[in-house]
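Hi everyone, thanks for coming. I'd like to walk you through one structure today, so have a look at the screen and then we'll go through it piece by piece.

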Amino acid sequence: MPYLPRGVAQPTELIQHLNALAPFPPGVVNLRSTVEDDWSGDPAIFFWITLSDEAAHPPILSQTTRRITNFITQQLDPAGQWGLIPYFNFRSQSEQAKLKEEVFG
Amino acid sequence: MAYHDDLIAHAIFLSQLDLPDDPKQVDLRRAVSAAYYGLFHLLTTEAAQNWRHQSQRNRFARMFDHGRMKTCSSKASSRPLPTDPVEVLIATDLKLVADSFVTLQQARHAADYDNSKVWSRTQVYETIVQAQDAMTAGMAIREKEIAQDYLFDLMGTR
């Protein structure tokens, strides 16, 4: 029988835990997520995170993304608790205002 | 400069074209791909250094498979960290390499094949920095046993 990860088998519980992540760390303007397979067919959760322009400033971008990634990984443990490989995507608020990509909200 | 360093330099160059705010998708996508291949070639080159015959090392490095490397990296990434204070530093570096490999490979696949995805410069900067950090961590622990085990496991052997 194929293995069904908890994050796919129990979507309602996952959403509850995702909602419980708020308040988000400083610099996060918006955070969305989608559950889908990655390129090789492994179940995954993709985080689409819009940052304030200040937080996305290149000299501190790495520090910002590490803080947010650690926060989500520690609070949610996507791989360990939900069987989903986490992928993080970041963009700035001004970039999203221009690109208007739906997945970022 | 080593090829993997050239790839990172190329990724940075591409990501900074058309500043301040009009980057072309083709440049951003190629930058993401170059960043992934920077880490990919560092790992395969390091593994090939263990092959005794220098003239065969490039052929050896071509034996690596992206999918098997991802499977190995996912396993390495999910292992619990040791409690020993010295070992935990090394294992944390290895986890950074393995995590980054999985993430960068997914980004590279999206950049090369998914035309529906729109890239921003921030996404690409973050991808490049992640590759740089992973390469730095990998080089810092390159002689450690768990790093050598990881390189060997990347071939997909049992």
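Let's start with Arg6(A). Leaving aside neighbours within four places in sequence, Arg6(A) is in contact with Gln81(A), Trp82(A) and Gly83(A). Those partners come from far along the chain, and there is a distance to go with that: the C-alpha atoms of Arg6(A) and Leu84(A) are separated by 8.3 Å, although the two residues are 78 apart along the chain. Arg6(A) is found in helix α1 of chain A, which covers residues 6-9. Is Arg6(A) buried or partly exposed? Arg6(A) has 14 C-beta neighbours inside 10 Å, so it counts as partly exposed.

Before I go on, please keep in mind that this is a predicted model. The predictor gives the complex an ipTM of 0.92 and a pTM of 0.93. For chain B, the average pLDDT is 94, and 99% of the residues score at least 70.

Now for chain A as a whole. Chain A has 5 helices and 3 strands, and along the sequence they follow the pattern α-α-β-β-α-α-β-α. The radius of gyration of chain A is 14 Å, close to the 13 Å from the globule rule for 105 residues, so chain A is as compact as a globular protein of that length. Taken along the principal axes, the C-alpha atoms of chain A fill a box of roughly 50 × 25 × 20 Å. Buried residues make up 35% of the 105 residues in chain A. If we take the contacts in chain A between residues at least 6 apart in sequence, 68% of them join residues at least 24 apart.

Let's turn to the strands. How do β1(A) and β2(A) pair? Strand β1, residues 28-37 of chain A, and strand β2, residues 43-51 of chain A, are antiparallel, with 9 bridges. You can find the register from two pairs: Val28(A) stands opposite Leu51(A) in β2(A), and Arg32(A) has Trp48(A) in β2(A) as its bridge partner. The hairpin of β1(A) and β2(A) has 5 residues between the strands, and there Gly41(A) takes a positive phi near 90°.

β2(A) also pairs with strand β3, residues 85-92 of chain A, this time in the parallel sense and over 8 bridges. Here Leu51(A) stands opposite Ser92(A) in β3(A). So Leu51(A) is a nice residue to click on, with Val28(A) opposite it in one pairing and Ser92(A) opposite it in the other. How much of β2(A) is buried? β2(A) is mostly covered, with 7 of its 9 residues buried.

Over to chain B. The secondary structure here comes to 7 helices and 0 strands. The radius of gyration of chain B is 16 Å, close to the 15 Å that the globule rule gives for 158 residues, so chain B is as compact as a globular protein of that length. Along its principal axes, the C-alpha trace of chain B spans about 45 × 40 × 30 Å. Of the 158 residues of chain B, 42% count as buried. Among the chain B contacts between residues at least 6 apart in sequence, 77% join residues at least 24 apart.

What about the inside? In soluble globular proteins, nonpolar side chains tend to be buried together. In this model the largest nonpolar core has 65 residues, and those with the most contacts inside it include Ala31(B), Val32(B), Tyr36(B) and Ile128(B). Helix α2 of chain B, residues 25-48, gives the most to this core, with 12 residues. Let's zoom in on Val32(B). Not counting residues up to four places away in sequence, Val32(B) touches Ala107(B), Arg108(B), Ala111(B), Trp119(B), Val124(B) and Thr127(B).

Last stop, the place where the chains meet. The contact takes 15 residues from chain B and 19 residues from chain A. On the side of chain B that touches chain A, the elements giving two or more residues are α4 (66-78), α5 (85-113) and α6 (121-140) of chain B. Which of them gives the largest share? That is α6(B), with 5 residues. By class, this side of chain B has 4 nonpolar, 9 polar and 2 charged residues.

That's my tour. Thanks for listening, and I'm happy to take questions.

How values were computed
Residues are numbered from 1 along each chain as its sequence is written. Chains are lettered from A and ligands numbered from 1 in the order in which they are written. This is a predicted model: local features need pLDDT of at least 70, side-chain atom pairs count only at pLDDT 80 or more; totals for chains, interfaces and linings use all residues. pLDDT is the predictor's confidence in each residue, from 0 to 100. Two residues are in contact if their C-beta atoms, placed from the backbone, lie within 7 Å. Helices (H or I, at least four residues) and strands (E, at least two) are DSSP runs, numbered from the N terminus. Ala, Val, Leu, Ile, Met, Phe, Trp, Tyr, Cys and Pro count as nonpolar, Asp, Glu, Lys and Arg as charged, and the others, Gly among them, as polar. Two strands pair if DSSP finds at least two bridges between them. The radius of gyration is taken over C-alpha atoms; the globule rule is 2.2 Å times the number of residues to the power 0.38. A residue is buried if 20 or more other C-beta atoms lie within 10 Å of its own, exposed if 12 or fewer, and partly exposed in between; C-beta atoms are placed from the backbone. A nonpolar core is a set of buried Ala, Val, Leu, Ile, Met, Phe, Trp, Tyr and Cys residues joined through C-beta atoms within 7 Å.
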